[in-house]
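Here's a quick tour of one structure, written for somebody who'd rather be at the bench. Have the 3D view open and follow along.

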Amino acid sequence: MSKQDYYDLLGVGRGASADEIKKAYRKMAMQFHPDRNPGDAAAEQKFKEINEAYDVLKDDQKRSAYDRFGHAAFEQGGGRGGGPGDFGFGGGFADIFDEMFGEMMGGGRRGQATGRGADLRYDMEISLEDAFAGKSATIRVPTSAVCEECKGTGGRDGAQPVTCSTCHGHGKVRSQQGFFTIERTCPTCQGMGRIIKDPCRACGGTGRVRKEKQLSVTIPAGVEDGTRIRLAGEGEAGMRGAPAGDLYIFLSLKAHRLFQREGANIFCRVPIPMVTATLGGTIEVPTIDGGKAKVVIPEGTQTGHQFRLRGKGMSVLRSPSRGDMFIQATIETPVNLTPRQIELLREFESAGEEKKGGNSPESHGFFARVKEFWEDLKEG
Ligand SMILES: [Zn+2]
Ligand SMILES: [Zn+2]
């Protein structure tokens with residue numbers, strides 16, 4: 001059950017590009033190829049796993065399914081039905097009580113009668129700061145838990161269920177209709193194969209009761225929008241002692257008022273006063289870890305220029321490293337000028353020298369190109 005994470009298997013991060021994944025896969029596949037490791041069962045197993053991982057991660061649709069649900073996305077009959085591409089929440093996560101009672105009424109889950117508890121979904125919104133630093137949280141999940149009265153057996157005073165006499169424990173019954181043999185779920189035991197003669201009063205024989213569970217969750221540093229955390233066995237309790245489902249915590253990140261995140265990097269647009277940009281200076285910017293960083297603005301800085309602060313970006317999942325922070329300069333044009341300032345600016349303009357494009361080489365270059373453009377049109 002404890003399958004290794006596909007990204008870990010290939011040794012790439014969750015944000016890896018298709019190219020990076022391909023490269024990592026090639027390298028690993030070469031290393032563990034059976035031809036290179038004759039008779040090595042461990043290498044062969046690893047080779048298989050790598051191929052399985054690559055098969056999913058190279059396909060955008062499968063990959064996004066995997067990102068959302070993990071391995072559960074590709075397990076058949078796990079309550080989600082269908083393959084990738086069938087990822088509404090119709091299956092496992094729709095309405096947990098709906099599903100729970102659906103099963104009680106004999107609906108069963110997609111023809112399966114294992115009684116395994118349903119998987120649950122819990123949506124959690126966190127701040128960028130929490131995604132950076134990681135967080136412990138306590139959540140309350142309405143779910144169903146093992147009935148304490150019968151210890152989950154469903155029988156009064158913990159009596160064990162007995163084999164169903166209608167289907168002799170098969171869970172299915174057959175009947176002959178003309179040439180056809182029809183097999184259907186046993187109506188007596190609803191496919192469970194066993195029945196309870198004297199049901200527990202607390203749970204009505206299901207072996208579980210509705211309950212609000214309190215769970216503590218650790219959100220690791222570096223999670224991204226859409227990261228899914230699986231708490232194995234913390235989903236709904238199974239019917240009559242069957243295994244519990246899993247709980248999936250779906251994380252979404254709140255928009256930050258200052259920072260934009262792209263993978264491990266953080267971008268921050270900073271207005272820079274015209275005089276600072278012109279003459280040079282220093283500005284102070286906040287960082288995601290709560291600190292401050294000084295950025296030296298060289299003279300002549302233009303709008304759109306990016307300053308890189310190495311290691312001041314987001315934390316990376318399961319890694320001690322950090323991404324970078326990028327300060328994007330926007331030069332602010334002064335407004336609300338006093339008459340004196342206007343006078344000074346006029347003087348500033350007339351004091352310039354018209355060499356090498358003067359004070360505005362970019363404009364100079366631009367208008368030179370405009371002129372060429374017009375001349376080419378005339379010739380054409
Ligand atoms: Zn009970
Ligand atoms: Zn039966």
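What follows covers a helix, a sheet and a metal site.

Keep in mind as you look around that this is a predicted model.

**The helix**

Start with α4, which spans residues 60–69. Which of its residues are buried? They are Arg 63, Ala 65, Tyr 66 and Phe 69. Looking down the axis of α4, you'd find these buried residues within an arc of 160 degrees, so they line one face of the helix. The general rule behind this sort of pattern is that an α-helix has 3.6 residues a turn, so residues three or four places apart point the same way.

What do the buried residues of α4 pack against? Their partners include three helices, α1 (6–10), α2 (18–32) and α3 (41–57). They also pack against the strands β8 (228–231) and β9 (247–253). Right after α4 comes Gly 70, with a positive phi near 70 degrees.

**The sheet**

Those two strands lead us to the sheet. It's an open one with three strands, ordered β1-β9-β8, and its pairing is mixed. β1 (120–126) and β8 are at the edges and have a single partner strand each, so one side of each has no neighbour in the sheet. From one strand to the next, the twist averages 25 degrees.

β1 and β9 run parallel and are joined by seven bridges. If you want a spot to zoom in on, Leu 120 has Leu 247 in β9 as its bridge partner. As for how helix and sheet meet, α4 lies across β8 and β9, and runs at about 50 degrees to β8.

**The zinc site**

Now hop over to the zinc ion (ligand 1). Its protein donors are listed here.

| Donor residue | Donor atom | Distance to the zinc ion (ligand 1) |
|---|---|---|
| Cys 147 | SG | 2.3 Å |
| Cys 150 | SG | 2.3 Å |
| Cys 200 | SG | 2.3 Å |
| Cys 203 | SG | 2.3 Å |

The site is tetrahedral, with angles of 104 to 114 degrees among the four donor atoms. For reference, the ideal angle for four tetrahedral donors is 109.5 degrees.

Along the sequence, the donor residues follow the spacing C-x2-C-x49-C-x2-C. Cys 147 sits in the loop between β2 (135–146) and β3 (162–163), while Cys 200 sits in the loop between β6 (194–195) and β7 (208–219), so this pair ties together parts that are 53 residues apart in sequence.

Are these two cysteines buried or exposed? Cys 147 is buried, at a relative accessible area of 1%, and Cys 200 is buried too, at 3%.

Terms used. Residues numbered from 1 in each chain as written. Chains lettered and ligands numbered in written order. Predicted model: local features only at pLDDT ≥ 70, side-chain atom pairs only at ≥ 80, totals over all residues. Heavy atoms only, no water. Buried < 20%, exposed > 50% of the residue type's maximum accessible area, 1.4 Å probe, protein only. Helix = DSSP H or I, 4+ residues; strand = E, 2+ residues; numbered from the N terminus. Arc of directions from axis to C-beta. Contact = heavy atoms within 4.5 Å. Pairing = 2+ DSSP bridges. Axes fitted to C-alpha atoms, helices over the stretch in contact; angles between N-to-C directions. Donors = N, O, S within 2.8 Å, 3.2 Å for Na, K, Ca; no water. Tetrahedral: all angles 85-135°; square planar, octahedral: opposite > 155°, others 65-115°.
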